[in-house]
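I opened this notebook to record what I looked up in one structure. The entries follow the order in which I raised the points.

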Amino acid sequence: MAKHLARIHGTEEDKVNCPFYFKIGACRHSDRCSRLHHKPAFSQTLLFQHMYKSPTPGTMSPEEQMEDFLCFYEEWYMELSKFGRLEGLFIADNVGDHMIGHTYAKFRDEEEATDCLQVMHGRYYSGRLILAEYSPVTDFREARCRDFDEDNCQRGGYCNFLHVKPVPFPLMQSLDEDSELDRRAETARKESEERSSSRKKRRREDRGDRERDSHHHHGHHRSRSNERPPRDYDD
């Protein structure tokens, strides 16, 4: 029985847990869904809800729209990578209300994701509140719409599987390299500050030891000088 439940967990056969929330971290029924949405207590992946705002149709050329998106992608990649190495940054191209603008960031480990969540949640970006949460999605191959990746999805932007906005590979590679250099520089800076702080602490301790030794020496000298000389007794 346990093996059967484990096998069907998060699939269409599972009548208890929502397969869409399990695979994608989003469900068009939201809290009205008849199946359970198990929100993880921790995860490598964070979801930033409705973060990317597409330009209003007709206000930009296709080239300008792509440039707007790539600027957003680059800015978010460099900001999030301050907390650790990103294994992937995915922005939804879906237009359904439950997925539009969703931004997923998968970190190398859960601690990095936790650090990011604690700092980013509740901040503002372009005047909009950042709502971050742990996402159950760890395998984006299961979350992505294969038909969209093959340019053949018949449901378009209202598909319930993830349509990931494409990013040129050279840009992703460049951002990964730049972020790694930034992390190394930040690590070196912190180590330098720690060494400097340690040296200052040692100097303060040494100064304190010298001052204590000096006080002890002067105090001992004064006590000897105040001793009364031995009295001569007449026989």
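Which residues of the largest nonpolar core touch the most other members? I note at the outset that the model is predicted. In the core of 27 residues, I found that Phe-48, Trp-76, Leu-80 and Phe-107 hold that place.

**Entry: the cores.** I next looked up which elements supply the core. At least two residues each come from β1 (45–48), α3 (62–80), β2 (86–91), β3 (103–107), α4 (110–120) and β6. The largest share, 7 residues, is that of α3. I then listed the surroundings of Phe-48, leaving out residues up to four places away in sequence. Phe-48 touches Trp-76 and Leu-80, and its other contacts include Gly-101, His-102, Thr-103, Cys-116, Met-120 and Ile-130. I also recorded a second, separate core of 12 residues, with Ala-26, Leu-47, Met-99 and Val-164 among them.

**Entry: Glu-133.** I located Glu-133 in strand β6, which spans residues 132–134. Does a buried or an exposed position apply to Glu-133? I found Glu-133 to be buried, and without a salt bridge. Its nearest side chain of opposite charge is that of Lys-39, 4.1 Å away, whereas a salt bridge requires a nitrogen within 4 Å of a carboxyl oxygen. The side chain of Glu-133 does have a polar contact with that of Gln-49, at 2.9 Å. Beyond its neighbours within four places in sequence, Glu-133 is in contact with Tyr-21, Lys-39, Thr-45, Leu-46, Leu-47, Gln-49 and Leu-117.

**Entry: cysteines.** How many disulfides does a search of the whole structure find? I recorded 0. For Cys-27, the closest cysteine sulfur is that of Cys-18, and the pair is not bonded because 3.9 Å is too far for a bond. The cut-off for a disulfide is 2.5 Å between the sulfur atoms. Cys-33 is likewise in no disulfide, and the nearest cysteine sulfur to Cys-33 belongs to Cys-27, 3.9 Å away. I noted Cys-27 as buried, at a relative accessible area of 9%, and Cys-33 as buried, at 15%.

**Entry: Ser-81.** I placed Ser-81 in the loop between α3 and β2. Ser-81 has a relative accessible area of 2% and so counts as buried. Apart from neighbours within four places in sequence, Ser-81 is in contact with Leu-86, Ser-179 and Arg-183.

**Entry: salt bridges.** I searched the whole structure and obtained 13 salt bridges. I looked up several of them individually.

- Arg-108 and Glu-112 are joined by a salt bridge of 3.2 Å, N to O; Arg-108 is partly exposed at 48% relative accessible area, whereas Glu-112 is buried at 10%.
- Arg-146 and Glu-142 form a salt bridge of 3.9 Å, N to O; Arg-146 is exposed at 52% relative accessibility, and Glu-142 is partly exposed at 38%.
- Glu-193 and Arg-189 form a salt bridge of 2.4 Å, N to O; Glu-193 is partly exposed at 44% relative accessibility, as is Arg-189 at 37%.

Where do Glu-193 and Arg-189 lie relative to each other in helix α7? They are 4 residues apart in this helix, residues 169–225, and are therefore separated by about one helical turn. Finally, I recorded that Glu-79, Lys-82 and Arg-123 are joined into one network by salt bridges that share partners.

Key. Residues are numbered from 1 along each chain as its sequence is written. This is a predicted model: local features need pLDDT of at least 70, side-chain atom pairs count only at pLDDT 80 or more; totals for chains, interfaces and linings use all residues. Side-chain values use heavy atoms; hydrogens and water are left out. Buried means under 20% relative accessible area, exposed over 50%, partly exposed in between (1.4 Å probe, protein chains only). Lys and Arg count as positive and Asp and Glu as negative; His and the chain ends are not counted. A polar contact is a pair of N or O atoms within 3.5 Å; within protein, one must be able to donate a hydrogen and the other to accept it, and residues adjacent in sequence count only if both atoms are side-chain atoms. Contact means heavy atoms within 4.5 Å. A nonpolar core is a set of buried Ala, Val, Leu, Ile, Met, Phe, Trp, Tyr and Cys residues joined through side-chain atoms within 4.5 Å.
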